[in-house]
Amino acid sequence: MGENLEAIEKKIKLETVRTLSPKLNKVVSGAAILIGIFEILFIFNFTFLLYSIFDKLGITMGFLKLDFQDQQVMAFVLGMIFVIAFLRYPIMKKEKYLAKVQWFDYLLILLGLAAALYKFWRWPTYMIYYDVNQTDVIFGFLAIILVLEATRRTIGWILPTIVTIFLLYGIHDAGYNWTRIAQYLYLDQGIFGIPFYVMTIYVFAFVFFGAFLLKIGVSDYITEFMISLFGTRPGGPAKAAVISSGLMGTVSGSSVANVLTTGTFTIPLMKKAGYPPEIAGAVEPVASTGGQLMPPVMGAAAFIMAQFLGIPYNKLIIAAVLPALIYYSGVYLFIDLETKRLGLKGMPREYFKPVSYFLRKIYILLPIIVITVALVWGIAPHVAAVASLGVAIWVAWISKDNIPGHEHFYVALALLTTLLMFTGREYATPVGATLLILAAILIGTAFATDKVEINEKFYISLLFILMIALGKFLYMRKEEILLMSGIFGIIFSLVVGYKSKTEDGKKMYSATYESMIDAGKTSTTVMLAAASAGLIQGVLTMTGLVTALGYKLVDLAGGNLLLLLIMAMIFSLILGMGVPTTANYVITSLVAAPAVYTAVAGNPIYDAPVPGYGTAIALLAAHFFVFYFGILADLTPPVALAAYAGSALAGGDFWKTALNSVKYALAGYIGPYIYFTHPEMFLITVQEWTPAVALRVLYYLLATILTMYIMAIAITGYFKNVNIPVVLRAVLIGVALIAASLHIIPVGIEFAMLIGLVLYSKKLEAST
């Protein structure tokens, strides 16, 4: 590739971190693990779960009643984030500061711990009296300053600068009332507002889940499987990249991270298949960026959206289904046309592992199925992530070929146990008995046959089965058993892996342990971005600026909805060029989304609430609109971080790569306008499903895909061995833009033009 992965990461400025001494590395690892432990014990309420288990067994363990409130846990997590940030990220990206931790870094760590732990200590008293003293003000402003500095070190200048501007306005608007500012931005909301709350409560669980799946090789499995399936076909590596990156996006939530994982494998293969570097480097970023739009696990901002709108996350992922399908359909159509235009062929089968190998290991995808089912079912997102983590650990142990054991036998046990785990309390006793029978079969098979040996796979499987059986016999709720399976799964993997004598066993121990550390490190940037976004949200609501800015935008647009949407798009794209998706979404959803809602107020289609909830359909559509464009900023020049990563991996020209990225992601740029003007495409907005409504939504879907196809033909200038003349391409683009209204007449014209192109191409083929 010309550059290794670490060099590329440094080049695109994802993060420039210090090389720490072993002792300081242990401090960072300790802080990361403490975040995970505190999350497990007090956010996931594992202490209460343990107390409940022991209490039902007749054992009273009073100390397990220890509990901390959410604000206290968030304060503790922020303290650990300060430790990680000020140790790993220098004050300046110069060799002097990269080589050694400076004295003032240690001072900032101490101050950060003091500011965070003071909130931890102060919160219970403050909740009773709601009084604010001078010490609160001092620690409040200290916390604000340190959040800005830590954010600047980890993300860059842009977000802290924006936050500072808002803070200065807030201070002026509050009449320099320092007590009010500290109370609102430190004790009540601000730093510890909804964005940071969502990161702590929900997103960390998915970061942990994603980190583990990366460590145990699920991302590699998905990528290699798709390559094996499609690689021998024309354009196979590119099409495999689209599908594999979309699948990995369900557990990653980061455009650039996706590029740097799946792209290291897919981009070289695309180049080997004949794609120019500027195309190979564009396909992967477009596919990876779409991962944040793909259910069941979208970008972190989607969890914040659920909180802002008051709509459960399992409903939001349903709303995102059709837009995500359209996005990836658009990408696929562009890639297919580019492949045919370039005349590329498939690659020889010997380049890839046989498909049969991946089919034999297909159970590795079980955790993704589990998390999808759990989320759609309405299980709390963090519980769904932790439960899937437990299943991931079990199947990861089963997949180890160097540890003896009949693979299909263990897979059958894991599948059956997972299904039984989801059963309700009404079936607790028979399910528990069934699990004990499974445990007996496992033990009997180990002693009576050579299919099972007493080794790591045996211990892990037996522990999982007995643990879930215990939960059933104790009549624990389904959510409690799911949570228990994930947390005890981590413990089982650490214990069995630590005792293991095999290389694979030791690798599983390392993967489990390092995933906890990686989750803490990875969460540093998103947590700080959320804390900074919370400050902006705090100022906007404290000053009432959120309403004023919304009305200003409406005035600027003169009440014209299309112009207002274009302004919101530009605002989101520009902001997203230097601000992480989370902060971008918080700002645009608070400023632009209410403005869009105001512009359509009075329209019964938009004023109607989402069925079952009080949220207006217009607000849902507006939030999705800015959410989409905030994510697409990763592809949009001049910054285009994801495209930059792709061009670096492919060794191509950045600007050509970025422009190709915009071209291939066209469905992402046009789609939000279509979904906003046709909100039934969000599915959860349909007031009552009837055959007529279902057919209308199906028409919207097919008409949108047809529009994207016509756009792709026009922009690539190619269709079935025919090079389209420039004039006809311009006509096709014009018709497609009008057809984006989904009106039956322009869509019909599109369809007629497509048939005409098919007939014309056949005529040319016959003549030659």
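A residue counts as buried when its relative accessible area is under 20%, as exposed when that area is over 50%, and as partly exposed in between. Keep this in mind for the exercises below, and remember that the model is predicted.

**Exercise 1. Work out how well helix α31 is covered, and say what follows this helix.**

Step 1: Find the helix, which takes in residues 641-650.
Step 2: Go through the buried residues, which are A642, A643, A645, G646, S647, A648, L649 and A650.
Step 3: That makes eight of its 10 residues buried, so you can call α31 mostly covered.
Step 4: Now step past the end of the helix. There you meet G651, with a positive phi near 70°.

**Exercise 2. Decide whether S461 is buried or exposed, and find what surrounds this residue.**

Step 1: Locate S461: you'll find this residue in helix α23.
Step 2: Check the cut-off. S461 has 0% relative accessibility, so it counts as buried.
Step 3: Look for contacts, skipping residues up to four places away in sequence. S461 touches W394, Y410 and L442.
Step 4: Look at the polar side of things. A polar atom of the S461 side chain lies 2.8 Å from the backbone oxygen of K457.

**Exercise 3. Describe the nonpolar surface patch that includes I454.**

Step 1: List the members: I443, F447, I454, Y459 and L463 make a patch of about 480 Å².
Step 2: Ask which helices contribute. Both α22 (428-448) and α23 (456-473) supply at least two residues each.
Step 3: Place I454, which sits in the loop between α22 and α23.
Step 4: Classify I454. Its relative accessibility is 42%, so this residue is partly exposed.

**Exercise 4. Find the residues with the most contacts inside the largest nonpolar core.**

Step 1: Start with the core itself, which has 295 residues; F624 and F627 have the most contacts inside it.
Step 2: See who contributes. Helix α25 (residues 503-543) gives the largest share of this core, 16 residues.
Step 3: Zoom in on F624. Beyond its neighbours within four places in sequence, F624 is in contact with M298, M305, L316, A319, A320 and F682.
Step 4: Connect this to a general idea: in soluble globular proteins, nonpolar side chains tend to be buried together.

**Exercise 5. Place G343 and compare its separation from K720 in sequence and in space.**

Step 1: G343 is in the loop between α17 (321-342) and α18 (355-360).
Step 2: With a relative accessible area of 46%, G343 is partly exposed.
Step 3: In sequence, G343 and K720 are 377 residues apart, yet their C-alpha atoms are 11 Å apart in space.

How values were computed:
Residues are numbered from 1 along each chain as its sequence is written. This is a predicted model: local features need pLDDT of at least 70, side-chain atom pairs count only at pLDDT 80 or more; totals for chains, interfaces and linings use all residues. Side-chain values use heavy atoms; hydrogens and water are left out. Helices (H or I, at least four residues) and strands (E, at least two) are DSSP runs, numbered from the N terminus. Buried means under 20% relative accessible area, exposed over 50%, partly exposed in between (1.4 Å probe, protein chains only). Patches are made of residues with over 30% relative accessible area and no salt bridge: like charges are joined within 9 Å, nonpolar side chains (Val, Leu, Ile, Met, Phe, Trp, Tyr) within 5 Å. Accessible areas come from the Shrake-Rupley method with a 1.4 Å probe; for residues, only the protein chains shown count as cover. A salt bridge is a side-chain nitrogen of Lys or Arg within 4 Å of a carboxyl oxygen of Asp or Glu. A nonpolar core is a set of buried Ala, Val, Leu, Ile, Met, Phe, Trp, Tyr and Cys residues joined through side-chain atoms within 4.5 Å. Contact means heavy atoms within 4.5 Å. A polar contact is a pair of N or O atoms within 3.5 Å; within protein, one must be able to donate a hydrogen and the other to accept it, and residues adjacent in sequence count only if both atoms are side-chain atoms.
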